[in-house]
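Take a look at the chain below. This report walks through its strands, a helix and a few chosen side chains.

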Amino acid sequence: MMLVGLDGKITADTTSESAVGTAFAFSDLIETATANDQGTALAVLDGAIYWIVVVPVRAPVPIAFIAACVPVNDALLEKLRQLSSVPQSLALATTNAKGEWAVVSKTAGYLPTVRFASPAALISQNSVTATEQKDDHLAMMARLATSQSSRPVVAVLDYPLEEALSAYRAVITPMLLVLGGALVVALVGAMLIAHGVSRPLETLAAIARRIAKGDYTPMPPLHRSDEIGELSSALNNMTQSIAERET
């Protein structure tokens with residue numbers, strides 16, 4: 001969780017004090033949040049992939065932004081795979097400092113021997129870009145939409161070739177289309193999970209709008225010991241400060 005000032009610099013970070021004072025890396029999400037009250041996108045931060053949700057704190061114009069970073073790790077991908085009933089393994093990859101593709105998160109059963117298409121080919125496309133065969137495995141790769149300032153992210157569906165062909169040799173093309181649809185379902189599931197995580201932030205944003213209208217009544221405690229609870233306390237302190245200033 002981060003609190004970002006209007007100058008684009010991080011004023012509070014619940015996971016890294018060293019980030020305070022540095023520029024928020026994804027300015028396009030702040031611009032979207034300013035215009036639409038919310039900005040969301042996949043992004044690569046410190047080598048890991050996150051679903052980032054940014055909402056403004058208004059009084060009545062934006063005075064700060066709250067950014068929540070949901071890690072898209074192995075556990076989340078496995079949960080999405082189970083929800084979408086996709087039997088094949090799923091992985092997300094991004095480029096490293098050398099410009100080479102590296103798998104960042106994956107589901108159980110993913111084999112690191114899958115060969116990626118050329119980085120330039122994947123970066124230049126926005127849909128399913130390649131079907132690669134390596135030994136006895138087949139992989140479908142697709143570029144995912146990310147923040148403008150983020151490194152590219154690629155989704156990979158991997159499954160044994162013999163297993164895929166044994167029961168569906170006559171309908172291989174329709175099966176590939178179904179797998180592509182399953183990938184879309186998995187991505188939609190990720191968006192729904194991220195939306196569920198952002199609900200407490202939307203509640204805090206609603207309280208901030210109430211403050212903007214001149215209602216400085218302290219908000220009821222959220223009874224949470226996580227980052228949301230810390231932000232709730234910070235908003236209460238901000239409310240008291242604004243009330244004192246108005247007085």
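Are Phe24 and Phe26 buried or exposed? Both are buried. Keep in mind that this is a predicted model.

**An aromatic pair**

The whole structure was searched for aromatic pairs, and one was found. Its members are Phe24 and Phe26, with ring centres 5.8 Å apart and planes at 85°, so the pair is edge-to-face. Planes over 60 degrees apart earn that label.

**Confidence**

The protein chain has a mean pLDDT of 78. Of its residues, 77% reach 70 or more. Two elements mark the extremes.

| Element | Mean pLDDT | Rank in the chain |
|---|---|---|
| β1 | 93 | highest |
| α3 (residues 119-123) | 50 | lowest |

**The open sheet**

Five strands make up an open sheet. Their order is β2-β1-β5-β4-β3, and they pair antiparallel. Why does one side of β2 and of β3 lack a neighbour in the sheet? These strands stand at the edges, and each has a single partner strand, so one side is left without a neighbour. On average, neighbouring strands of this sheet are turned by 25° against each other, direction ignored.

Now look inside the sheet. Nine bridges link β4 and β5, again in the antiparallel sense. Val53 stands opposite Ala68 in β5.

**Helix α1**

Helix α1 covers residues 27-36. Which of its residues are buried? They are Asp28, Leu29, Ile30 and Ala33. An α-helix has 3.6 residues a turn, so residues three or four places apart point the same way. The buried residues of α1 pack against β1 (2-4), β3 (39-45), β4 (48-58) and β5 (62-71). Just after the helix comes Asp37, which takes a positive phi of about 70°.

**The hairpin**

Strands β6 (residues 89-95) and β7 (residues 101-106) run antiparallel and are joined by five bridges. Leu92 has Ser105 in β7 as its bridge partner. The two strands form a hairpin, with five residues between them. In the turn, Gly99 has a positive phi of about 80°.

**Thr94 up close**

Thr94 belongs to strand β6. Why does Thr94 count as buried? Its relative accessible area is 3%, and buried means under 20%. Its side chain reaches the backbone oxygen of Pro152 at 2.6 Å. Leaving out residues up to four places away in sequence, Thr94 touches Val44, Glu100, Trp101, Ala102, Val104, Arg151 and Pro152.

Note on methods
Residues numbered from 1 in each chain as written. Heavy atoms only, no water. Pairing = 2+ DSSP bridges. Helix = DSSP H or I, 4+ residues; strand = E, 2+ residues; numbered from the N terminus. Buried < 20%, exposed > 50% of the residue type's maximum accessible area, 1.4 Å probe, protein only. Contact = heavy atoms within 4.5 Å. Polar contact = N/O pair within 3.5 Å; in protein donor to acceptor, adjacent residues only side chain to side chain. Phe/Tyr/Trp six-rings, centres within 6.5 Å; stacked < 30°, edge-to-face > 60°. pLDDT = per-residue confidence, 0-100. Axes fitted to C-alpha atoms, helices over the stretch in contact; angles between N-to-C directions.
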